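This report describes the fold of one protein chain and then the packing of two of its helices. Please examine the structure below before reading on.

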Amino acid sequence: MSEPALDAERDAERDAVLAALRPVVDGIAATFGPVCEVVLHDYRSPERSVVAVAGSVTGRTVGGAMSEIGMRVLARGDEARDELNYVTRTADGTLLKSSTMVLRDSTGAVFGALCVNLDVTAVDRAQSLLGALAGTAAGSADPPATTFADDIDAVVDAIVDAHPLRRDRSWAALERAQRLELFRDLDGRGVFAVRRSVEQVAARLGISRASAYNYLSQARAAADPAADPAGGHA
């Protein structure tokens with residue numbers, strides 16, 4: 001079978017899986033009620049990965065972009081694994097307990113994800129109150145913030161701005177090793193798997209497009225000498 005025919009067959013299989021999961025999205029959300037949101041992603045289009053959504057915990061809509069978590073899954077490719085019962089929070093402070101389950105075709109290739117987000121803010125507050133009343137309350141580390149947005153540009157900007165190397169420091173204040181570390185970490189988080197993201201990161205950092213590609217190339221070469229500097233993400 002020719003390569004185009006194989007690609008068409010693979011896409012048809014993936015489309016069938018997504019179609020079969022659409023009623024599951026509604027069913028899970030209905031089961032848990034208004035505190036639950038279920039999102040179905042098709043990673044073949046990272047900038048418009050949301051193909052079905054039920055519930056409104058993070059305000060996602062069909063046609064919206066993947067989150068930082070989705071980018072991380074995308075960066076891991078077929079090595080990605082399910083991430084279950086992790087805790088994060090939105091920019092407005094909503095506490096979420098979430099699970100991301102990757103979708104694979106019959107060849108084992110990852111092409112999407114089914115994500116469940118539960119708003120546990122009220123539960124957390126109740127637990128804190130009960131702990132205080134019982135005298136057993138103890139401080140806990142704040143969960144990491146995650147940007148959920150329909151606009152992929154907003155997600156990329158949030159990842160760049162929140163990076164530890166960027167806090168209270170300009171690009172000019174970073175040493176060369178730190179600049180390479182920044183690009184290496186952004187690449188590992190899947191930022192550069194999104195079209196035109198190199199240009200967007202360059203604009204966010206206040207550097208030229210050529211400089212951004214150069215730093216990305218050097219970061220990848222340092223991590224893997226056999227890596228393709230171009231990366232196919234222009």
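## Contact between two helices

In this predicted model, Asp 153, Val 156, Asp 157, Val 160 and Asp 161 of helix α4 are in contact with Gln 200, Val 201, Arg 204 and Leu 205 of helix α6. By character, the residues of this contact between α4 and α6 comprise four nonpolar, one polar and four charged.

How are the two helices placed relative to each other? Helix α4 spans residues 152-162 and helix α6 spans residues 197-205; their axes lie 10 Å apart and form an angle of about 50°. Because of this angle, α4 is oblique to α6. The crossing of α4 past α6 is right-handed.

## The chain as a whole

The two helices belong to a chain with seven helices and five strands. Read from the N terminus, the order of the elements is α-β-β-α-β-β-β-α-α-α-α-α.

The following table gives values for the entire chain.

| Property of the chain | Value |
|---|---|
| Buried residues, as a share of the 234 residues | 41% |
| Contacts between residues 24 or more positions apart, as a share of contacts with a separation of 6 or more | 52% |
| Share of the exposed area supplied by carbon and sulfur atoms | 53% |

The last row refers to an exposed area of about 12000 Å² for the chain. With respect to burial, 41% of the 234 residues are buried. With respect to contacts, the 52% in the table concerns residues that are 24 or more positions apart in the chain.

Note on methods
Residues are numbered from 1 along each chain as its sequence is written. This is a predicted model: local features need pLDDT of at least 70, side-chain atom pairs count only at pLDDT 80 or more; totals for chains, interfaces and linings use all residues. Side-chain values use heavy atoms; hydrogens and water are left out. Helices (H or I, at least four residues) and strands (E, at least two) are DSSP runs, numbered from the N terminus. Buried means under 20% relative accessible area, exposed over 50%, partly exposed in between (1.4 Å probe, protein chains only). Contact means heavy atoms within 4.5 Å. Accessible areas come from the Shrake-Rupley method with a 1.4 Å probe; for residues, only the protein chains shown count as cover. Axes are lines fitted to C-alpha atoms, for helices over the stretch in contact, and angles run from 0 to 180 degrees between N-to-C directions. Angles under 35 degrees count as roughly parallel, over 145 as roughly antiparallel, 65 to 115 as roughly perpendicular and the rest as oblique. A crossing is left-handed if the near helix is turned anticlockwise from the far one by less than a right angle, and right-handed if clockwise. Ala, Val, Leu, Ile, Met, Phe, Trp, Tyr, Cys and Pro count as nonpolar, Asp, Glu, Lys and Arg as charged, and the others, Gly among them, as polar.
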